Amino acid sequence: MTEIRPARPEDVDTVWALVRRAAAHMRSLGNPQWGEDYPTRAHYAADQARGELYVAQDEGGTILGAVCLNQEQAPEYAPLPWAVPGPAMVLHRLAVDPAAQRRGVGRSFFQFAEAMARRQGLPAFHLDTYARNDRMLSLIRSQGFAQVGVVHFDREGRPEGFPCFEKVL
């Protein structure tokens, strides 16, 4: 059983090591979404300091994944035809340890985030991922999200766009 909890300051190094493994695994699958420029350890440390970083752990306390959840939408999202353009739950920097992939950790994060959004009275859930991130695209679609457009971020080595998705709650 996977438990999701707020990350503690002492979790950041473990999360960062997990993210590095996940990024290397993504690149091995032909997905250069994450590189040396993004995300960085500082992103996760700031997420934790703001109380927005969550970790999934197994029964033994081993951290299996991490995600940032908040209402911060990238400025690039503004022109997209959202059904609900206002406040929304936004998922950022989801990482699952390669050793724990295909065990429902990502799905658990989505369910956790959706429940949190509902508790907070948010009417929608927004996110993006890189066009070559086939596994994340599949997970997003399996959770009932609809694609609303594509944005481009200024990130070297990622020429394709980032499809953006919405789920109205």
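How many of the residues of E2 are buried? Keep that question in mind as you open this predicted model, and let us walk up to the strand step by step.

**Stop 1: the whole sheet.** Switch to a cartoon view and pick out the open sheet of 7 strands, whose order is E1-E2-E3-E4-E5-E7-E6 with mixed pairing. At its edges you will find strand E1 (3-6) and strand E6 (146-151), each of which pairs on one side only. Neighbouring strands of this sheet are turned by 30° against each other on average, direction ignored.

**Stop 2: strand E2.** Now select residues 53-57, which make up strand E2. Here is the answer to the opening question: 5 of the 5 residues of E2 are buried, so the strand is largely enclosed by the rest of the structure. Show the side chains and look along the strand. In a regular strand the side chains alternate between the two faces of the sheet. In E2, Leu 53, Val 55 and Gln 57 point one way, while Tyr 54 and Ala 56 point the other way.

**Stop 3: the partners of E2.** On one side, E1 runs antiparallel to E2, joined to it by 4 bridges. Two places to click are Ile 4, whose bridge partner in E2 is Ala 56, and Pro 6, which stands opposite Tyr 54. E2 also pairs with E3, again in the antiparallel sense, over 5 bridges. Stay on Ala 56 for a moment: its bridge partner in E3 is Gly 65. Then follow the chain around the hairpin that E2 and E3 form, with 5 residues between them. Gly 61 sits in that turn and has a positive phi of about 90°.

**Stop 4: the helix across the strands.** Select residues 41-49 to bring up helix H2. This helix lies across E2, strand E3 (63-70) and strand E4 (89-96), and runs at about 130° to E4.

**Stop 5: Arg 5.** Go back to strand E1 and select Arg 5. Is this arginine buried or exposed? Arg 5 has a relative accessible area of 8%, so it counts as buried, the cut-off being under 20%. Its side chain makes a polar contact with the side chain of Gln 57, at 2.8 Å. Apart from residues up to four places away in sequence, Arg 5 touches Asp 11, Leu 53, Tyr 54, Val 55, Gln 57 and Ile 63.

**Stop 6: Leu 80.** Next, move to the loop between E3 and E4, where you will find Leu 80. Leu 80 is buried, with a relative accessible area of 12%. Which residues does Leu 80 contact, leaving aside its neighbours within four places in sequence? They are Val 148, Gly 149, Val 150, Val 151 and Cys 164. For a distance check, try Leu 80 and Gly 161: they are 81 residues apart in sequence and 13 Å apart in space, C-alpha to C-alpha.

**Stop 7: the cysteines.** Cys 164 came up in the list of contacts of Leu 80, so colour the sulfurs next. The structure holds 0 disulfides. Cys 68 is in no disulfide, and the nearest cysteine sulfur, that of Cys 164, is 16 Å away. Cys 68 is buried, at 0% relative accessible area, and Cys 164 is buried at 0% too.

**Stop 8: the rings.** Finish with the aromatic side chains, which form 8 pairs in the structure. Select Tyr 77 and Trp 82: both are buried. Their ring centres are 5.3 Å apart and their planes stand at 50°, so the pair is tilted. Then select Phe 110, Phe 125 and Phe 145, which ring pairs link into a cluster.

Terms used: Residues are numbered from 1 along each chain as its sequence is written. This is a predicted model: local features need pLDDT of at least 70, side-chain atom pairs count only at pLDDT 80 or more; totals for chains, interfaces and linings use all residues. Side-chain values use heavy atoms; hydrogens and water are left out. A disulfide is a pair of cysteine sulfur atoms within 2.5 Å. Buried means under 20% relative accessible area, exposed over 50%, partly exposed in between (1.4 Å probe, protein chains only). Rings of Phe, Tyr and Trp (its six-membered ring) pair if their centres lie within 6.5 Å; planes under 30 degrees apart count as stacked, over 60 as edge-to-face and the rest as tilted. Two strands pair if DSSP finds at least two bridges between them. Axes are lines fitted to C-alpha atoms, for helices over the stretch in contact, and angles run from 0 to 180 degrees between N-to-C directions. Contact means heavy atoms within 4.5 Å. A polar contact is a pair of N or O atoms within 3.5 Å; within protein, one must be able to donate a hydrogen and the other to accept it, and residues adjacent in sequence count only if both atoms are side-chain atoms.
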